[in-house]
Amino acid sequence: MATHAAMPSRGRARGRSRVRRHGASAWAVPVTLGAAYGLYASFILRNNGASGGRQFWYGLITAVVLAALCFVLGRTQHTMLPLVRAVAYGALTAAAIGLLVGLTGSSVLRSSALGLAVGLGMFITTFYIFYTHEKT
């Protein structure tokens, strides 16, 4: 006996594999943030008398690292609890600001304190946003 064409088959169907693509903002926002951060880090080094090559490479490396971290955080944030997500945003912001302040020639204590203060502000803000705007 012949089976009907609409009959479901047993096992796995070998149809097209579904490729998940990233939206434009999934990569545009981290790249923009990374570029702005790298340019600003390069600008700070230039004002402190760094050579052109050192300034270029340091700016490029900081831009790539920050863009990669922002992209990874953006892709994995939906799997995290709101508290953990807010801590991740706060820690990333604190480290980024602390590094920029440290490039100005400030003391380690000042750059750590300013990075901690800005990171704490980011933690409080994102924690509030995540808990008030998400469906439970």
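This section describes the helices of a predicted model, their packing, and three residues examined individually.

The secondary structure of the protein comprises 4 helices and 0 strands, and along the sequence these elements follow the pattern α-α-α-α. Of the 136 residues in the protein, 26% are buried. Among contacts in the protein with a separation of 6 or more, 69% are accounted for by residues 24 or more positions apart.

The packing of the helices is taken up in the order in which they occur along the chain. Helix α1, which spans residues 24-47, packs with α2 at an angle of about 150°, and the two axes lie 7 Å apart. Because angles over 145 degrees count as roughly antiparallel, α1 and α2 are roughly antiparallel to each other. The crossing in which α1 passes α2 is right-handed, and the residues of the contact of α1 with α2 divide into 15 nonpolar, 7 polar and 2 charged.

For α2 and α3, the packing angle is about 170°, with the axes 11 Å apart, and that angle makes α2 roughly antiparallel to α3. On the side of α2, the contact is made by Y58, T62, L66, L69, C70 and L73, and on the side of α3 by A88, Y89, L92, A96, L99 and L103. The residues of this contact of α2 with α3 comprise 11 nonpolar and 1 polar, with no charged residue.

Helix α3 (residues 82-103) in turn packs with helix α4 (residues 108-133) at an angle of about 155°, their axes being 7 Å apart, which means that α3 is roughly antiparallel to α4. The crossing of α3 and α4 is right-handed, and the residues of their contact divide into 15 nonpolar, 8 polar and 1 charged.

Two of the residues considered individually belong to the loop between α2 and α3. One of them, Q77, lies in the loop that follows α2 (52-76) and leads to α3; its relative accessibility is 14%, and Q77 therefore counts as buried. The side chain of Q77 is joined to that of Y89 by a polar contact of 2.5 Å. When residues up to four places away in sequence are not counted, Q77 touches R85 and Y89; Y89 is also among the residues of α3 that make the contact with α2.

The other, L81, is likewise placed in the loop between α2 and α3, but with a relative accessibility of 60% L81 counts as exposed, whereas Q77 counts as buried. Although L81 and F130 are 49 residues apart along the chain, their C-alpha atoms are separated by 9.4 Å.

Within helix α3 itself, the residue examined is T93, which has a relative accessible area of 18% and is buried, because burial is assigned under 20%. The side chain of T93 reaches the backbone oxygen of Y89 at 2.8 Å. Y89 thus appears in both polar descriptions, through its side chain in the contact with Q77 and through its backbone oxygen in the approach of the T93 side chain. With residues up to four places away in sequence not counted, T93 touches V118 and M122.

Definitions and conventions. Residues are numbered from 1 along each chain as its sequence is written. This is a predicted model: local features need pLDDT of at least 70, side-chain atom pairs count only at pLDDT 80 or more; totals for chains, interfaces and linings use all residues. Side-chain values use heavy atoms; hydrogens and water are left out. Axes are lines fitted to C-alpha atoms, for helices over the stretch in contact, and angles run from 0 to 180 degrees between N-to-C directions. Angles under 35 degrees count as roughly parallel, over 145 as roughly antiparallel, 65 to 115 as roughly perpendicular and the rest as oblique. A crossing is left-handed if the near helix is turned anticlockwise from the far one by less than a right angle, and right-handed if clockwise. Ala, Val, Leu, Ile, Met, Phe, Trp, Tyr, Cys and Pro count as nonpolar, Asp, Glu, Lys and Arg as charged, and the others, Gly among them, as polar. Buried means under 20% relative accessible area, exposed over 50%, partly exposed in between (1.4 Å probe, protein chains only). A polar contact is a pair of N or O atoms within 3.5 Å; within protein, one must be able to donate a hydrogen and the other to accept it, and residues adjacent in sequence count only if both atoms are side-chain atoms. Contact means heavy atoms within 4.5 Å.
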